[in-house]
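The exercises below invite a careful reading of one structure, each with a solution worked out step by step. Please look through the sequence and the model before starting.

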Amino acid sequence: MTATVSLDISGALARVTLSHTGKFNAMSRAMWVELRSVFLSIQNDPAIRCVLIKGEGGHFCAGGDISEYAGFRFAEASLRDFHENDVWGGLQAMLDCDVPVVAQIEGNCMGAGLEISSCCDIRMAAESARFGAPIAKLGFPMAPREAALVLRAVGELTAREMLLSAAVLDAAEMKQRGFLNSVAADHELAAAVQSCAERIGSLAPGASRLNKQAFRALAGVSPAQPATDLIANAYAYADAPEHREGVTAFIEKRQPRFGH
């Protein structure tokens with residue numbers, strides 16, 4: 001069985017694929033390390049304008065690779081190392097990425113898959129997708145920082161339902177609860193996600209990166225008292241070429257050309 005997180009770059013679009021043959025793309029420890037490496041690479045590539053993340057073979061990610069768990073879960077030090085370094089290292093790299101990230105969610109999106117999708121900016125799912133974190137059946141809770149991430153993304157009531165009653169919810173329900181941006185028929189999802197990624201890629205990349213930096217800085221901060229450091233540097237883009245191009249193109253009634 002192969003277990004990889006692969007990166008394919010085509011022009012301004014980066015495609016990240018979770019692949020674990022025979023296990024619905026469950027995340028192994030090595031895959032968490034690869035996830036971190038992949039997103040650090042993306043962050044450092046100024047040519048990338050959008051990231052599309054998906055799973056191989058009709059599933060997003062079914063959770064963690066439980067077959068590995070006996071090797072480290074039963075000792076506090078190794079368990080802490082797994083969650084705080086392997087898992088959180090991958091998730092933090094996604095959260096720190098300034099490039100817009102679009103999730104293409106099919107089939108199982110459980111546990112680790114829910115955490116990974118919670119790091120994405122736009123989440124688009126197939127009608128048949130299923131979401132949950134039924135780890136209570138395995139006898140352990142969600143790690144604190146991972147739980148905080150999921151709680152912010154899915155909402156408190158949904159997080160409690162998933163973690164305390166092992167609830168599994170369908171795509172329509174998750175759309176209604178505000179976790180998903182859109183739901184498409186299974187055979188239409190890939191085209192819809194590709195269209196979204198291309199639309200993002202046609203927009204001003206510098207503005208996208210600045211927006212993501214602002215989202216992070218303002219998380220949990222009152223609009224009346226925003227981050228001082230953010231405001232101090234918020235308008236440094238004034239003379240940036242893409243700023244001039246965007247405004248000029250609008251005035252001239254033409255499509256902007258952002259570095260193409």
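**Exercise 1.** Find which residues have the most contacts inside the largest nonpolar core.

*Solution.* The model is a predicted one, and its largest nonpolar core has 53 residues. Those with the most contacts inside this core are L18, L35, F39, I42, I53, I116 and F131. A second core, separate from that one, has 12 residues, among them C50, M124, A197 and I200. As a general background, nonpolar side chains tend to be buried together in soluble globular proteins.

**Exercise 2.** Work out the strand order of the open sheet of three strands, and identify its edge strands.

*Solution.* The order is β5-β7-β8, and the pairing is mixed. The edges are formed by β5 (108-110) and β8 (168-170), each of which pairs on one side only. Neighbouring strands of the sheet are turned against each other by 20° on average, with direction ignored. Turning to a single pair, strand β7 (residues 130-132) is joined to β8 by three bridges, and the two run antiparallel. Within this pair, F131 stands opposite L169 in β8; F131 is also one of the residues with the most contacts inside the largest core.

**Exercise 3.** Explain why the buried residues of helix α5 line one face of the helix.

*Solution.* The first step is to list the buried residues of α5 (residues 156-165), which are T158, A159 and M162. Seen down the axis of α5, the buried residues fall within an arc of 100°, and therefore they line one face. On the other side of α5, L157 and L164 are exposed. The last step is to ask what the buried residues pack against, and the partners are α3 (112-118), β7, α4 (144-154), β8 and α6 (171-176). Just after the helix, A166 takes a positive phi of about 60°.

**Exercise 4.** Compare the salt bridges D121 with K212, R177 with E161, and D239 with R244, stating for each residue whether it is buried, partly exposed or exposed.

*Solution.* The side chains of D121 and K212 meet at 2.8 Å, N to O, and they link distant parts of the chain, 91 residues apart, with D121 in the loop between α3 and β6 (122-126) and K212 in helix α8 (residues 205-218). D121 is partly exposed at 33% relative accessible area, whereas K212 is buried at 7%. The side chains of R177 and E161 meet at 2.7 Å, N to O. R177 lies in the loop between α6 and β9 (182-184) and E161 in helix α5, so this pair ties together parts that are 16 residues apart in sequence. R177, at 31%, and E161, at 29%, are partly exposed. In the pair of D239 and R244, the closest N and O atoms are 2.6 Å apart; D239 is exposed at 52%, and R244 is exposed at 52%.

Definitions and conventions. Residues are numbered from 1 along each chain as its sequence is written. This is a predicted model: local features need pLDDT of at least 70, side-chain atom pairs count only at pLDDT 80 or more; totals for chains, interfaces and linings use all residues. Side-chain values use heavy atoms; hydrogens and water are left out. Two strands pair if DSSP finds at least two bridges between them. Helices (H or I, at least four residues) and strands (E, at least two) are DSSP runs, numbered from the N terminus. Axes are lines fitted to C-alpha atoms, for helices over the stretch in contact, and angles run from 0 to 180 degrees between N-to-C directions. Buried means under 20% relative accessible area, exposed over 50%, partly exposed in between (1.4 Å probe, protein chains only). The arc is that of the directions from the helix axis to the C-beta atoms. Contact means heavy atoms within 4.5 Å. A nonpolar core is a set of buried Ala, Val, Leu, Ile, Met, Phe, Trp, Tyr and Cys residues joined through side-chain atoms within 4.5 Å. A salt bridge is a side-chain nitrogen of Lys or Arg within 4 Å of a carboxyl oxygen of Asp or Glu.
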